[in-house]
Every structure is written in structure tokens, then in C-alpha cells.
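This report describes the fold, the cores and some backbone features of one protein chain. The sequence and the structure come first.

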Amino acid sequence: MDKKAICLGELLIDFVSTVNGVSLKEAPAFEKAPGGAPANVAVGLSRLGIETFFVGKVGQDAFGEFLRDVLQSNQVNTRFLKMTDRAKTTLAFVSLTREGERDFVFYREPGADTLLDQQDIEEECFQGRGVFHFGSLTMTHEPAYSATLKALSLAKKHGYLISFDPNLRPALWKNLDTARDKIRQAMSRSDVVKVNEEEAMFVASCKDLQRAIEFIQFHCKPSLLAVTLGKEGCLLCQNGRQIRVPGFQVTSVDTTGAGDGFVAGLLSSLYMFWEELKQGHALPEEALLHAGRRANAVGALTTLKKGAIPALPTQDEVETFLEE
Ligand code: ADP
């Protein structure tokens with residue numbers, strides 16, 4: 001496998017309240033931060049030494065140019081990032097609790113990221129072999145959903161390892177049963193699936209995490225299922241085995257992007273095993289422990305600064321943190 005990643009999905013601006021612990025209406029001011037879960041993963045992977053491409057769409061406006069520049073300055077290849085004059089770049093307004101948990105509303109009527117269509121997906125992007133990561137908003141909106149399915153097919157055809165994070169935001173779905181169906185289908189087509197506890201239980205329609213994990217493993221059969229547990233760390237589940245990897249104690253200011261940082265940390269640390277994962281082979285326990293610890297470290301480090309992209313650590317920062 002090439003040390004290459006393609007991330008597909010939303011790329012938007014987060015306007016984050018400058019003060020934690022106030023509602024959106026009470027926020028005194030907002031700071032502009034680049035965002036979008038797959039874009040965060042792209043920057044995370046790039047900072048961890050993987051050659052990364054981003055596939056998505058922004059408006060031909062100042063925000064779109066800003067986002068493209070941010071990706072480029074993080075060495076993410078934007079050759080397959082489209083700019084359109086048919087819609088504006090999507091904006092999100094975000095408030096944070098004192099503990100750094102977020103609440104948000106979108107300005108998207110429709111946003112350019114949802115207009116990614118099948119013609120925007122170029123087979124050339126899938127030359128070589130590596131990991132293809134997707135999820136999030138492109139599941140909820142057309143034509144972005146059809147474009148995502150096309151990209152998924154091309155990634156499969158070219159032998160990519162498929163990684164999926166649903167990033168469930170119930171408010172974005174008109175019908176939660178449709179959300180559940182689409183997420184299950186996407187999981188069934190993926191090798192690596194990352195969910196948090198809430199998403200696992202939603203997908204399995206049950207309130208017990210262990211039963212939810214069993215459900216996903218039995219029905220969707222990902223090669224590796226990673227369940228993140230916030231500051232408690234994560235569970236890595238493979239072939240009926242379950243490894244619990246404790247999280248790190250840090251003073252978090254903003255948990256935005258922690259899950260995306262985690263995905264980047266997990267995928268990059270498992271680089272040597274991408275082929276095995278694709279073939280559904282069980283990985284050695286030490287490899288899973290090592291990857292889970294690094295993924296937790298990247299997740300924890302991502303909570304130390306406001307916003308996701310500004311906070312995602314480099315390889316050197318992760319090494320230093322793990323040595324402390
Ligand atoms: P998501 O953002 O997808 O809901 P989590 O909140 O579970 O995911 O966070 C992903 C990972 O980031 C966790 O598994 C953990 O390793 C790390 N993390 C998240 N929040 C914290 C925190 N407050 N302190 C330390 N690590 C954290």
C-alpha cells in the first residue's frame with residue numbers, strides 16, 4: 001500500500017464562540033476556524049506524515065479560498081477540491097459548554113459542500129493504493145451522497161482500505177430510520193469503522209453499548225471497529241476480541257475534532273497493517289494497543305486548543321506527549 005489517504009466530505013467554516021459556557025445567542029463574539037470532519041481527518045493525517053488528498057466542494061468565495069489555503073498550507077493536496085459559483089461555502093456557528101462540548105447551527109442554503117456531484121469524482125484521484133476515509137454530511141444530502149457512493153466504488157475498485165466515521169448529527173436528518181439504514185450500509189462497505197458510544201447505540205437501536213458493538217460486528221462486519229469513549233479512551237474490537245485502551249488526562253478547552261484526530265491517529269499508526277485490515281485479518285494485540293494509545297494521544301491533544309484544525313498535533317508533538 002502507498003502511504004496515501006483520500007478524505008472525502010464536508011469542508012466548512014466554524015464560527016466558534018470566544019467564550020465557553022454561554023449559549024449561541026449569548027456569545028459575545030465568534031472566532032473563525034476551518035472545519036468539517038473529513039477535512040479535519042485529512043489535516044490530521046497529513047500532519048502525521050501521510051500524503052493526503054481532499055475531495056469536496058466549497059463556494060467560489062473568500063471562505064472557500066481560505067479553506068483551500070488552509071488545506072494547502074497543511075500539505076493536503078487540493079487538486080480534487082472543487083469550487084463552485086452555484087452556492088456559498090457552508091458556515092457553522094458553534095457554542096461550547098465549560099467542558100468544551102459543542103452545540104451548533106448551520107448556515108447552508110444549500111452549502112457548496114452538499115453539491116459535490118458524481119461528475120466531480122475523478123478516477124484519477126484513486127491512482128495508487130492507500131486509505132479512503134469518508135462520512136458525515138455527505139450521507140445526508142444529495143447530490144453529495146451519490147458522489148460519495150461513486151467515490152466508494154472507485155476506492156474499492158482500486159484496492160483502497162475503506163474507513164468510515166458516521167459523525168451522526170441527528171438534527172441534520174429528516175428521518176432517523178433513513179439515517180440508521182444509510183449508516184449501516186456504509187459500515188457494511190467499510191473495513192475500519194469509528195463510532196462514539198452514542199452512535200454505536202443509535203446504529204444498533206439499543207441502549208446497551210456491548211450489545212450495540214455485537215450488533216455492528218455481526219451485521220456490518222467491519223474488519224476493525226473503534227468505539228471512542230471521550231476522555232475514557234477507546235475500545236478496539238476485532239474478530240470478537242475487544243481491547244480497552246485508556247485515555248489520557250488533559251485539561252481540555254474544546255473537544256471539537258477529537259474524534260477526527262483519533263481517526264487520523266488510528267489510521268496512521270496502523271499503516272503497516274492496511275493490507276491485513278482490508279483482508280479482514282486479525283491484528284496482533286500489541287499492534288492494536290499501540291495504535292489505540294496513539295489514537296487516544298492525538299484525540300487528547302486535539303482538545304487542548306480551540307477549533308479542530310489549529311489543534312491537530314504533528315508527529316513530533318505526539319512523540320513528545322507520549323514520552324512525557
Ligand atoms: P467524538 O468526538 O467522535 O464524539 P470522542 O469525544 O469520544 O469522539 O473523542 C475521541 C477521542 O479523543 C477519545 O477516544 C479520546 O481518546 C480523546 N478525547 C476526547 N475527549 C477527551 C478528553 N476530554 N480528554 C482526553 N482525551 C479525550
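The chain folds into 10 helices and 14 strands; helices (H or I, at least four residues) and strands (E, at least two) are DSSP runs, numbered from the N terminus. The model is predicted, so local features need pLDDT of at least 70 and side-chain atom pairs count only at pLDDT 80 or more, while totals for chains, interfaces and linings use all residues. Residues are numbered from 1 along each chain as its sequence is written, and side-chain values use heavy atoms, with hydrogens and water left out.

The radius of gyration is 18 Å, which agrees with the value near 20 Å for a compact globule of 324 residues. This radius is taken over C-alpha atoms, and the globule rule is 2.2 Å times the number of residues to the power 0.38. Along the principal axes, the C-alpha trace spans about 45 × 45 × 40 Å. Of the contacts (heavy atoms within 4.5 Å) with a separation of 6 or more, 71% are between residues 24 or more positions apart.

Buried residues make up 57% of the 324 residues. Buried means under 20% relative accessible area, exposed over 50%, and partly exposed in between (1.4 Å probe, protein chains only).

The largest nonpolar core has 49 residues. Such a core is a set of buried Ala, Val, Leu, Ile, Met, Phe, Trp, Tyr and Cys residues joined through side-chain atoms within 4.5 Å. Those with the most contacts inside the largest core are Leu11, Leu45, Phe54, Leu224, Leu236, Leu266 and Leu270. Helix α9 (residues 285-302) gives the most to this core, with six residues. Leaving aside neighbours within four places in sequence, Leu45 is in contact with Ala5, Cys7, Ile50, Thr52, Ala264, Leu267 and Ser268. Another core, of 45 residues, lies apart from the largest one and includes Val55, Phe134, Leu168 and Ile216.

A cis peptide bond, with omega about 5°, joins Glu142 and Pro143. Pro143 lies in the loop between β9 (131-135) and α3 (144-157). Two asparagines have positive phi, as tabulated here.

| Residue | Phi | Loop | Relative accessibility |
|---|---|---|---|
| Asn167 | near 45° | between β10 (161-165) and α4 (176-188) | 19%, buried |
| Asn239 | near 45° | between β13 (233-238) and β14 (241-246) | 52%, exposed |

Asn167 counts as buried because its relative accessibility is 19%, whereas Asn239, at 52%, counts as exposed.
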